[in-house]
Amino acid sequence: MIWHYLIRRLFLLSFVFFALTCFAFSLGHLFPGDPLVNFSGISQPDDELMPVLVQQYRLDDGYLQQYIAFLQRILQGDWGLSLASQQPVLHELKLVFPATLELVAYALLISFVLGVPLGLLAAIKANHWSGRAISTIALLGYSLPIFWWALLMIMLFSIGLGWFPTSGRISVLYEIPAVTGFMLPDILLSGQTYWQAALQDAIRHLWLPAFVLATYPTTVMIRFTRDAMLNVWQQSYIKTARAKGLSRSQVLYRHGLRNAMLPVMRQLGLQFSTLVTLAMISELIFSWPGIGLWLLDSINQRNYPAIQGGLLVISSLVILVNILMDVLHTLFNPLARKQANG
Amino acid sequence: MAKFQWLHQKTEHGPLSQLWDSFRQQHAAVVGLMLFGFFSLIALFGPLLTPYDPYLQNPDALLLPPSWDDLGDVRYLLGTDDLGRDQLSRLIKGASYTFGIALVTAIGALLFGLLLGVLAGMSKGFRASAFNHVLDLALTIPSLLLAIIIVAILGPGLVNTIWAIMLALLPQFVHGIRNTILQQLEQEYVIAYRLDGANNWQILRYVILPNTWEQLTVLFSMALSTAILDIAALGFLGLGAQAPAAEWGLMVADALDLIYLSPWSIALPGLLIFIAVLSVNLVSDGLRTAVRKRQEN
């Protein structure tokens, strides 16, 4: 029965990808300028190249043929050239995408480590001053405009105290070849003599952006853990567990936390898209060479092939995470499983 | 001794005053509501209150700190920026931009969302399923990213930003309204009304819509805080309101080069964005709690 559900999700996924590629394709025509330039990224195709490209992109045919040709190019990895650098878009994406993933992953890690215990505490001590304080801080953090928060942190920790550098992933002193694209593993793999110093430097660069980006998901985590826990705590199975003679902490971890984490997990999937947007803004402020900074630069330069590629990658990531979280939620939650089948 | 009552006290009030009663008991929410009212008034009447023209440049008073600083000037209460424009006037004017336009955008998205949500909620079968899939797609693309893409197509500017954010807010409204309507359709009083011979339009007009306004307010307040943050963020990124405009996000971006010289010109507009969003979130949280309490009674 669960297969039925998985197949339906798979169908949804393919439909969403279809719609997404349609949207990306139509952007080539919607953007100002010549569709040929928007798709290929060759700013001034000469007379020899022009007919070849028109033939290859099937621009003389109807939209359907053009779309099929577009899909083929996407699958083959020919995403056009960046108008700004005349490098293949896919190649540039491969360089910047891991940096964003790294930043988002550390931010999520921080938010889990901080958010879940604080949310639990806020739920257990709901009427105590500590619980109220945590809820208040969560509400404050939830309302912060991230660009302002990032600048305040820079003013305090970089300019005021001088603890952390303001921009980049690592000091230019260290040369780390990109193997995986993720900085910390790359340093370990580089085998350079100065790897320890480089690692320290990279971590110093990571602190501030990761902390700023983690603020929003942490507060979301606190709010939802708290609400879910308060909700679960009123259920009769908690009373039953207490009546059986289980200790408070046993009830909390075995019966409370497990059930409370389900809605939190679902919310995490829904909030992931916001997190990616916030990552784009913090990348801009901290000059973090990720996909967000790259995409914003591309928008300012009217670099249409790059905008198209960046949109495709970011949306695919968000959609995949969303559907993955939904599937995991259904697999872990017997109630949702029943609903999905019935 | 308490007076004997046939009916429970609370049922004598209408739903609106019940809601207000439980809203009023939450002090934080009331403070939020007051701030919200304050910002709305400033956004409406701000241009009449500014001590100076927000765009008037005074070359004799560049980069003045706020007046409580030793170097400050009492004529410029919150100091001036690098072109000698009065910060206080610009911040007041900014309320009409950031807060006022966010309000208009959210109202527009609410109206469109109501229309589409009703269509989605009342339709059945293939149409409803196709609608769901499109909605799922639209919900996954981040609202700010969607706005950025739309601005990339239309070109930067405030009007384009309004359209972009309205479009980007639309999916969550449609989704929320559709779910509320579906929930309502399962209620027994709807079935009873249908058995009385009411058609779809009558059910919608007399039963469902009066029962959804609480949900609508909650949805609206959530969308409003997103709208404020998105307008400010787009302004900050240089995609929204353009250069001389006194939009708060744009003011933060303008002051970026002056981060060493005049940190207050970054701190103040950002603080206002923060307080505006906070007030909306306080009201939103208070409303949700009040709605829950009222429904439990």
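So, contacts in chain B: among those with a separation of 6 or more, 71% are between residues 24 or more positions apart. Chain A comes out at 69% on that count. Before I go on, please keep in mind that this is a predicted model.

Okay, what are the two chains made of? Chain B has 10 helices and 0 strands, and chain A has 14 helices, also with 0 strands. Chain B has 297 residues, and 43% of them count as buried. For chain A it's 342 residues, with 38% buried. If you lay the C-alpha trace of chain B along its principal axes, you get about 75 × 65 × 30 Å. Do that for chain A and you get about 85 × 60 × 40 Å.

Chain A is also split up: domain 1 covers 2-76 and domain 2 covers 90-300. Taking C-alpha atoms, the centres of those two domains in chain A sit 35 Å apart.

Now let me take you to helix α8 of chain B, residues 200-236. How far apart are its end C-alpha atoms? The answer is 46 Å, and for 37 residues a straight helix at 1.5 Å a residue would reach 54 Å. So have a look along α8(B) for a bend, and you'll find a kink of about 45° at B:Ile208. That kink comes shortly before a proline, B:Pro210. After α8(B) ends, you run into B:Gly238, which has a positive phi, near 85°.

Who does α8(B) pack against? One partner is helix α3 of chain B, residues 87-122: the two axes come within 8 Å and cross at roughly 145°. The crossing of α3(B) past α8(B) is right-handed. If you want to click on the residues that touch, α3(B) brings, among others, B:Phe99, B:Ile101, B:Ala102, B:Leu103, B:Ala106 and B:Leu110. From the α8(B) side, the list includes B:Leu204, B:Phe220, B:Ala223, B:Leu224, B:Ala227 and B:Ile231.

While we're on α3, let's stop at B:Val104, which is in that helix of chain B. Is B:Val104 buried or partly exposed? It counts as partly exposed, because there are 14 C-beta neighbours inside 10 Å, and you'd need 20 or more to call a residue buried. B:Val104 also gives us a nice pair with B:Ile162: they're 58 residues apart in sequence, yet 8.6 Å apart in space, going C-alpha to C-alpha.

Next up, α5 of chain B. Here the length works out: its 12 residues should span 16 Å at 1.5 Å a residue, and the end C-alpha atoms are indeed 16 Å apart. This helix is mostly covered, with 9 of its 12 residues buried. Those buried residues of α5(B) include B:Leu144, B:Leu145, B:Leu146, B:Ile148, B:Ile149 and B:Val151. And what's doing the covering? From chain B, the cover includes α6 (158-185) and α8, and from chain A it includes α11 (248-285), α12 (291-300) and α13 (304-332). Just like α8(B), this helix has a glycine after it. For α5(B) that's B:Gly155, with a positive phi near 95°.

That takes us to where the chains meet. The contact takes 29 residues from chain B and 32 from chain A. On the side of chain B that touches chain A, α4 (125-140), α5 (143-154), α8 and α10 (264-296) each supply at least two residues. Which helix gives the most to that side of chain B? It's α10(B), with 8 residues.

Last stop, a couple of backbone spots in chain A. A:Ser287 is in the loop between α11 and α12 of chain A. Its phi is positive, near 45°, and this is a residue other than glycine. A:Ser287 counts as partly exposed because 13 other C-beta atoms are within 10 Å.

Go on to the loop between α12 and α13 of chain A and you'll find A:Arg302. That residue isn't a glycine either, but A:Arg302 has a positive phi of about 55°. With 16 other C-beta atoms within 10 Å, A:Arg302 is partly exposed too.

Terms used. Residues are numbered from 1 along each chain as its sequence is written. Chains are lettered from A and ligands numbered from 1 in the order in which they are written. This is a predicted model: local features need pLDDT of at least 70, side-chain atom pairs count only at pLDDT 80 or more; totals for chains, interfaces and linings use all residues. Helices (H or I, at least four residues) and strands (E, at least two) are DSSP runs, numbered from the N terminus. The expected span of a helix is 1.5 Å times one less than its number of residues. The bend at a residue is the angle between axes fitted to the seven residues ending there and the seven starting there. Two residues are in contact if their C-beta atoms, placed from the backbone, lie within 7 Å. Domain bounds come from an automatic or database domain assignment. Axes are lines fitted to C-alpha atoms, for helices over the stretch in contact, and angles run from 0 to 180 degrees between N-to-C directions. A crossing is left-handed if the near helix is turned anticlockwise from the far one by less than a right angle, and right-handed if clockwise.
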